[in-house]
Amino acid sequence: MVIIKTKNYEEMSARAANIIAAQVTMKPNCILGLATGSTPIGTYAKLVEKYNAGELDFAGVTSVNLDEYKGLPKENDQSYYYFMHDHLFSHINIDQRRTFLPDGTEPDAKKACEAYNDIIHSVGGIDLQLLGLGHNGHIGFNEPDDCFALETHCVDLTESTIKANQRFFASYDDVPKQAYTMGIKTILQAKKVVVVVSGADKAEAVYKSFFGPVTPQVPASILQLHPDCIVVADEAALSLVK
Ligand code: F6R
């Protein structure tokens with residue numbers, strides 16, 4: 001595991017974008033695994049800047065996202081579909097037919113998860129997986145558990161996640177209670193993993209994930225076993241690491 005320490009969020013975003021840009025440059029038809037959440041927003045903005053400067057071409061790139069809320073239509077501004085289009089896909093020349101997320105509008109969980117696994121298998125696996133890190137060490141929607149989930153599965157969101165998300169919705173009832181997420185096995189099979197982390201509130205998660213024991217109670221800790229994992233974290237997120 002390589003840890004890149006940056007001064008702040010801005011530098012974290014620039015360094016992560018450079019790694020992704022190198023991947024796209026070296027393999028123009030690569031498969032990118034992408035994440036949502038607040039942390040990668042700066043990374044996507046930097047990639048858009050590079051694209052606008054004529055430094056990057058996404059025409060041959062395929063993307064598979066980590067997760068999606070179950071039950072949210074694509075046009076809902078809280079859906080991860082909406083997020084990805086808003087922050088990245090609408091601003092670059094990626095072929096939108098080759099941008100994949102789990103289908104949150106499919107009510108049959110088994111069907112939705114199998115279909116997403118089929119997509120991931122058919123594109124031939126992920127070259128570079130970008131990840132954010134949850135406060136409890138979650139990656140994707142893989143929450144602390146007694147075992148590591150393998151492939152795409154449907155998760156019941158924890159009460160604390162539902163409450164945390166409530167601010168983005170009109171009412172508690174409108175907050176999705178389930179999500180489809182890529183499993184840990186799929187994430188581990190990515191050839192390269194890049195984790196972006198920023199802020200003092202993530203310091204404990206960073207410490208437990210990358211310097212503590214490997215356990216499904218801290219899902220990101222499994223990344224310690226990945227042969228090519230780069231953690232790009234700012235000083236605040238690394239403040240507990242001596
Ligand atoms: C996003 C995802 C989540 C986030 C994590 C951190 O697709 O799957 O695991 O990466 O919750 O979120 P932020 O970046 O908002 O702190």
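# Sheets, helices and hollows of the structure

Strands β2 (residues 31–34) and β3 (residues 62–65) pair in the parallel sense, and four bridges link them. The names of the elements follow DSSP: helices (H or I, at least four residues) and strands (E, at least two) are runs numbered from the N terminus, and two strands pair if at least two bridges are found between them. Within this pairing, L34 has N65 in β3 as its bridge partner. The model is predicted, and local features need pLDDT of at least 70, side-chain atom pairs pLDDT 80 or more, while totals for chains, interfaces and linings use all residues. Residues are numbered from 1 along each chain as its sequence is written, and side-chain values use heavy atoms, with hydrogens and water left out.

## The two sheets

Strands of a sheet pair through backbone hydrogen bonds, in either a parallel or an antiparallel manner. In this model, an open sheet of seven strands has the order β1-β10-β9-β6-β2-β3-β5, and its pairing is parallel. Its edges are formed by β1 (2–6) and β5, each of which pairs on one side only. The pair β2 and β3, joined by four bridges, therefore belongs to the interior of the strand order and its neighbourhood.

An open sheet of three strands is also present, with the order β4-β8-β7 and antiparallel pairing. Here the edge strands are β4 and β7, each pairing on one side only. From one strand to the next, the twist averages 25°; angles run from 0 to 180 degrees between N-to-C directions, and axes are lines fitted to C-alpha atoms, for helices over the stretch in contact.

Which residue in β8 is the bridge partner of E68? The partner is Y180, and the antiparallel pairing of β4 with β8 (residues 178–181) comprises three bridges. Y180 in β8 is also the bridge partner of C154. Strand β7 (residues 153–156) runs antiparallel to β8 and is joined to β8 by four bridges. H153 stands opposite T181 in β8.

## Helices

Helix α1 (residues 9–26) lies across β1, β2, β6 (128–131), β9 (192–197) and β10 (229–234). The angle at which α1 runs to β10 is about 155°. Contact here means heavy atoms within 4.5 Å.

Helix α2 (residues 41–52) and α3 have axes that come within 10 Å and cross at roughly 40°. The two helices are therefore oblique to each other, since angles under 35 degrees count as roughly parallel, over 145 as roughly antiparallel, 65 to 115 as roughly perpendicular and the rest as oblique. On the α2 side, I41, Y44 and V48 meet F83, M84 and H87 of α3. Of the residues in this contact, five are nonpolar, one is polar and none is charged. In this division, Ala, Val, Leu, Ile, Met, Phe, Trp, Tyr, Cys and Pro count as nonpolar, Asp, Glu, Lys and Arg as charged, and the others, Gly among them, as polar.

## Pockets and the cavity

On a 1 Å grid over the protein atoms alone, a cavity is a set of points where a 1.4 Å probe fits but cannot get out, and a pocket is an open set with protein on both sides within 12 Å along at least five of seven lines; lining residues have an atom within 4 Å of a point. Points are joined across faces, edges and corners, and a volume is the space filled by probe spheres set on them.

The largest pocket has a volume of about 1,000 Å³. It is lined by 37 residues, of which G37, S38, Y80, H138 and N165 are the closest to its centre. At least two lining residues come from each of β4 (67–69), α3 (80–87) and α5 (159–165). Helix α3 provides the largest share of this lining, five residues.

The volume of the second largest pocket is about 280 Å³. Among its 19 lining residues, K74, F100, L101, P102 and D103 are the closest to the centre. Elements α3, β5 (99–100) and α4 (109–123) each supply at least two residues of the lining, and α4 gives the most, with five residues.

One cavity of 30 Å³ or more is found in the structure. The largest cavity has a volume of about 40 Å³ and is lined by I20, L32, L34, L47, F58, L88, I92 and I94. L34 is also the residue whose bridge partner in β3 is N65.

| Lining | Nonpolar | Polar | Charged |
|---|---|---|---|
| Largest pocket | twelve residues | 18 residues | seven residues |
| Second largest pocket | nine residues | five residues | five residues |
| Largest cavity | eight residues | no residues | no residues |
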